[in-house]
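Could you walk me through how this protein is put together, starting from its core? I have the sequence and the model open.

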Amino acid sequence: MKYKAVFTPDEGGAWNVTIPAVPGCHTWGRSLSEARRNIREALEVSLDDENRTKIAAKAEIEEEHRLPKALAVAIREARALAEKTTALRAKLRAMQVMAAAEMTRTNRLSLRDAGELLDVSQEGVRKLLA
């Protein structure tokens with residue numbers, strides 16, 4: 001089964017969480033991870049089924065975080081930038097490896113000179129070539 005859980009921060013820094021599709025299914029937690037654990041327990045208690053323990057354990061819980069709009073936008077933009085940063089780091093490393101190999105093997109430059117040109121340490125060049 002799939003359930004949508006709605007997480008709402010309270011004024012004290014904790015999280016209130018509810019599964020609207022299941023009457024009486026609500027709980028809270030001091031942190032998101034605690035609220036996540038607690039909502040599964042609340043689901044188990046709230047279900048009217050003799051297999052509720054098994055249902056709650058296997059339930060797929062889709063999270064919706066109700067945050068102020070400006071904060072939700074900032075989080076979404078930060079995550080997008082983090083993904084771009086990860087991709088750029090991988091591209092940077094590939095370019096550094098290629099350049100380090102070209103400088104040291106083909107052009108016979110020292111590790112020190114290659115590092116200076118790449119703005120990494122001599123040991124950094126050694127790691128790139130490893």
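Let's begin with the largest nonpolar core, in a model that is predicted. This core has 15 residues, and the ones that touch the most other members are Y3, I19, V22, C25, I39 and L43. Three elements give two or more residues to the core: strands β1 (2–9) and β2 (15–18), and helix α1 (32–46). The largest share comes from α1, which puts in four residues.

V22 is a handy place to zoom in. Leaving aside residues up to four places away in sequence, V22 touches Y3, L43, S46 and L47. There is also a second, separate core of six residues, with M103, A114, V125 and L128 among them.

Now back to α1. A quick sanity check on its geometry: at 1.5 Å a residue, its 15 residues should span 21 Å, and the end C-alpha atoms are 20 Å apart, which agrees. The buried residues of this helix are E34, A35, N38, I39, A42 and L43. Look at the spacing of those numbers with this in mind: an α-helix has 3.6 residues a turn, so residues three or four places apart point the same way. As for what they pack against, the buried residues of α1 meet β1, β2, β3 (26–29), α2 (52–58) and β4 (60–65).

Next, a look at Q96, which sits in helix α3 (residues 69–106). Is Q96 buried or exposed? Its relative accessible area is 15%, and because the cut-off for buried is under 20%, Q96 counts as buried. Beyond residues up to four places away in sequence, Q96 touches L118, V120 and L128. That last partner, L128, is one of the residues in the second core.

Time to zoom out. The protein has five helices and four strands, and from the N terminus on the order is β-β-β-α-α-β-α-α-α. What about the overall dimensions? A compact globule of 130 residues would have a radius of gyration near 14 Å, but this protein comes out at 25 Å. Taken along the principal axes, the C-alpha atoms fill a box of roughly 75 × 35 × 20 Å.

A few totals round off the picture. Of the 130 residues, 25% count as buried. The accessible surface comes to about 9,500 Å², and carbon and sulfur atoms account for 53% of that. Finally, if you take the contacts between residues at least 6 apart in sequence, 34% of them join residues at least 24 apart.

How values were computed
Residues are numbered from 1 along each chain as its sequence is written. This is a predicted model: local features need pLDDT of at least 70, side-chain atom pairs count only at pLDDT 80 or more; totals for chains, interfaces and linings use all residues. Side-chain values use heavy atoms; hydrogens and water are left out. A nonpolar core is a set of buried Ala, Val, Leu, Ile, Met, Phe, Trp, Tyr and Cys residues joined through side-chain atoms within 4.5 Å. Buried means under 20% relative accessible area, exposed over 50%, partly exposed in between (1.4 Å probe, protein chains only). Contact means heavy atoms within 4.5 Å. The expected span of a helix is 1.5 Å times one less than its number of residues. The radius of gyration is taken over C-alpha atoms; the globule rule is 2.2 Å times the number of residues to the power 0.38. Accessible areas come from the Shrake-Rupley method with a 1.4 Å probe; for residues, only the protein chains shown count as cover.
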